[in-house]
Amino acid sequence: MEIPGLLRAWRAQAGRKLGRGKPLTQAEVAAELGVSVRWYRDVERGGPGRLSPATADRLGEVLLLGPDERMALRRFVAGDRPPTRTSGALPTGSLQALLDMQMPYPAYCTDGVWDLVACNQAMKEWFPWVHEPRANLLRWALASREARDQFVHWPEHAATYLAQLRFALAATPGNAELGALRDELLRNPQCRRLWEEEPRVVAYGDGHRFALRLPRFGRQQISVVSHVLVPAYHPDLRFVVLTCAEGGGGG
């Protein structure tokens with residue numbers, strides 16, 4: 001679902017937020033934006049490129065969008081789309097050193113399609129799947145039985161990952177690799193049901209809290225927090241550190 005489809009879904013969601021039981025109409029949105037209904041209808045038919053940054057910001061207000069939804073809309077309008085895969089030489093030495101400095105907590109880097117780029121020893125011990133050829137975080141988290149067993153309340157966690165995938169698709173429209181990953185994951189009925197439940201987008205999942213039962217800790221439940229950074233010269237990468245939530249065990 002790219003921006004045109006999301007705009008329609010967000011109109012419906014705004015109506016629910018306002019307690020109306022029905023979507024905002026295109027005419028109502030157009031009136032709030034100060035444009036013609038025909039102009040706004042064209043936007044929802046696939047012409048969001050006509051939106052200026054200022055109009056996109058106002059549209060975010062009219063549709064009662066959260067910060068991640070507004071970020072996806074702004075990135076689409078600005079055309080500021082980082083590549084899916086990292087370009088140029090990676091600073092592998094400094095990157096690995098920074099990952100290793102996060103010990104004893106797991107830390108890793110993924111690219112724009114969630115392929116693993118690098119990780120530290122704790123990540124390898126907590127999550128042995130990282131040793132697999134072309135290890136992919138979303139493919140493991142959403143499609144493997146192991147992940148469904150190890151994530152406490154897997155549907156909630158899976159919905160957050162799917163919302164991150166939706167953000168990436170909205171911000172980089174027409175990306176073939178992301179589209180193929182989406183199609184692969186949505187062949188699973190549970191993932192498709194979660195995908196279709198609501199038009200939620202999540203930019204990075206920074207601060208996301210979740211619980212795990214890992215063999216590394218004898219399947220004792222631990223609670224962790226995800227901290228996400230974006231390297232300045234590699235905006236296609238995500239640098240992630242998992243720390244234990246207060247009283248969450250692990251280490």
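Me: What does pLDDT stand for here, as a score?

Reply: pLDDT is the predictor's confidence in each residue, on a scale from 0 to 100. You need it here because this is a predicted model.

Me: How does the chain score on pLDDT?

Reply: Its mean pLDDT is 87, and 91% of the residues reach 70 or more. Among the elements of the chain, helix H7 has the highest mean, 97, and helix H5 (residues 67-78) has the lowest, 82.

Me: Let's turn to the rings. What makes Trp129 and Trp140 a stacked pair?

Reply: Seven aromatic pairs are counted in all. In this one, the ring centres of Trp129 and Trp140 are 5.2 Å apart, with 15° between the planes. Rings pair if their centres lie within 6.5 Å, and planes under 30 degrees apart count as stacked, so both conditions are met.

Me: Which parts of the chain does that pair link?

Reply: Distant ones: Trp129 is in the loop between H7 and H8, while Trp140 is in helix H8, eleven residues apart.

Me: Why is Trp129 called buried?

Reply: Its relative accessibility is 3%, and buried means under 20%, so Trp129 qualifies. Trp140, at 6%, is buried by that cut-off too.

Me: Which residues form the aromatic cluster?

Reply: Trp129 and Trp140 belong to it, along with Trp126, Phe127, Phe151, Phe210 and Phe217.

Me: How do you know that the charged end of Arg238 sits over the ring of Trp114?

Reply: The charged end of Arg238 is 3.8 Å from the centre of that ring. The distance part of the rule asks for within 6 Å, so this value passes; the rule also asks for a position within 35 degrees of the ring normal. Arg166 sits over the ring of Trp195 in this way, 4.1 Å from its centre.

Me: Where is Asn136, and is it buried or exposed?

Reply: Asn136 lies in the loop between helix H7 (121-126) and helix H8 (137-143). Its relative accessibility is 5%, under the 20% cut-off, so Asn136 counts as buried.

Me: What does the side chain of Asn136 reach?

Reply: The side chain reaches the backbone oxygen of Trp114 at 3.5 Å. Leaving aside neighbours within four places in sequence, the contacts of Asn136 include Trp114, Trp129 and Leu181.

Me: Why is Cys109 said to be in no disulfide?

Reply: A search of the whole structure finds zero disulfides. For Cys109, the nearest cysteine sulfur is that of Cys119, 9.6 Å away. A disulfide needs two cysteine sulfur atoms within 2.5 Å, so Cys109 does not qualify. For Cys119, the nearest cysteine sulfur is that of Cys109, and Cys119 is in no disulfide either.

Me: Are these cysteines buried or exposed?

Reply: Cys109 is buried, with a relative accessible area of 0%. Cys119 counts as buried at 9%.

Me: What makes Arg50 partly exposed?

Reply: Arg50 has a relative accessibility of 43%. Buried means under 20% and exposed over 50%, so 43% falls in between. Arg50 is in the loop between helix H3 (37-44) and helix H4 (53-62). Leaving aside neighbours within four places in sequence, Arg50 is in contact with Trp39 and Asp42.

Me: Why is Gln13 called buried?

Reply: At 11% relative accessibility, Gln13 is under the 20% cut-off, so it counts as buried. Gln13 lies in helix H1 (residues 3-17). Leaving aside neighbours within four places in sequence, Gln13 is in contact with Glu198 and Pro199.

Note on methods: Residues are numbered from 1 along each chain as its sequence is written. This is a predicted model: local features need pLDDT of at least 70, side-chain atom pairs count only at pLDDT 80 or more; totals for chains, interfaces and linings use all residues. Side-chain values use heavy atoms; hydrogens and water are left out. Helices (H or I, at least four residues) and strands (E, at least two) are DSSP runs, numbered from the N terminus. Buried means under 20% relative accessible area, exposed over 50%, partly exposed in between (1.4 Å probe, protein chains only). A polar contact is a pair of N or O atoms within 3.5 Å; within protein, one must be able to donate a hydrogen and the other to accept it, and residues adjacent in sequence count only if both atoms are side-chain atoms. Contact means heavy atoms within 4.5 Å. Rings of Phe, Tyr and Trp (its six-membered ring) pair if their centres lie within 6.5 Å; planes under 30 degrees apart count as stacked, over 60 as edge-to-face and the rest as tilted.
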